[in-house]
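Notebook open, model loaded. I want to work through the sheet, then the helices, then the metal site.

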Amino acid sequence: MTILKRFGVSLPGDLLARFDNEIEQKGYQNRSEALRDLIRDYLVKRDLDKNEEVVGVLNLVYGHHVPNLSAKLNDIQHDHYHNILSNVHIHLDHHNCLEVIIIKGRYSEIKQLSDRIIGTRGVKHGELSFNSTGKNLSGV
Ligand code: NI
């Protein structure tokens, strides 16, 4: 069970007003919830900097008709089967596929694997984003 602790923060009035305005637009119920998310965001970035284990989400758009491309992308993922958690393939239209690959591992491993996939000929665009595995983010 998480015990919530309170602490006071002193801020310049205009900075607090900008913060309140920003979090209201984002739909936060209160400052505490917004501050918790900011701290967790900081912790996820710290995990990346320290090359800790994180979860990466790689999404790709690639050409369906490029010869051997699906097999190549499959081969790369089999080489790293211990990092690949899941994979979703969607046929966007007659020519294009969207694939979302969820990868767990150290930041450097995920980045290297992702660069290899995105750099494969026929992959039109790729985006990699990161999140925590959750174990460093306690509480509500
Ligand atoms: Ni497809």
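How many bridges join strand 1 to strand 4, and do they run parallel or antiparallel? I counted on the predicted model: 9 bridges join the two strands, and they run antiparallel. For one pair in that ladder, I looked up Leu60 and found it standing opposite Gly126 in strand 4.

Next I checked the other partner of strand 1. Strand 1 also pairs with strand 3, again in the antiparallel sense, over 11 bridges. Here I noted Val61, whose bridge partner in strand 3 is Leu98. A reminder to myself: strands of a sheet pair through backbone hydrogen bonds, in either a parallel or an antiparallel way.

Then I put the whole sheet together. It is an open sheet of 4 strands in the order 2-3-1-4, with antiparallel pairing. Strand 2 and strand 4 are the edge strands, each pairing on one side only. On average, neighbouring strands are turned by 15 degrees against each other, if direction is ignored.

What packs on the sheet? Helix 2 (residues 31–49) does, touching strand 1 and strand 4. Its direction makes about 110 degrees with that of strand 4. Helix 3 packs on the sheet too, and I found it touching strand 1, strand 2, strand 3 and strand 4. The direction of helix 3 makes about 170 degrees with that of strand 1.

I stayed with helix 3 for a bit. Which of its residues are buried? In this helix, residues 69–79, they are Leu69, Leu73, Ile76 and Gln77. These residues sit on the same side of helix 3, because they cover an arc of only 95 degrees around the axis. I also listed what they pack against: strand 1 (53–63), strand 2 (84–91), strand 3 (96–106), helix 4 (107–118) and strand 4 (123–132).

Last stop, the metal. Which residues coordinate the nickel ion? I get His89 through NE2, His91 through ND1 and Cys97 through SG, at 2.1 to 2.4 Å. In sequence, the donor residues are spaced H-x1-H-x5-C.

I then asked of two of the donors: buried or exposed? His91 has 61% relative accessibility, so I put it down as exposed, the cut-off for that being over 50%. Cys97 has 2% relative accessibility and therefore goes down as buried, the cut-off there being under 20%. So my entry for the site has an exposed His91 and a buried Cys97 among the donors of the nickel ion.

Key
Residues are numbered from 1 along each chain as its sequence is written. This is a predicted model: local features need pLDDT of at least 70, side-chain atom pairs count only at pLDDT 80 or more; totals for chains, interfaces and linings use all residues. Side-chain values use heavy atoms; hydrogens and water are left out. Donors are N, O and S atoms within 2.8 Å of the metal (3.2 Å for Na, K and Ca); water is not among the atoms, so sites may look incomplete. Buried means under 20% relative accessible area, exposed over 50%, partly exposed in between (1.4 Å probe, protein chains only). The arc is that of the directions from the helix axis to the C-beta atoms. Contact means heavy atoms within 4.5 Å. Two strands pair if DSSP finds at least two bridges between them. Axes are lines fitted to C-alpha atoms, for helices over the stretch in contact, and angles run from 0 to 180 degrees between N-to-C directions.
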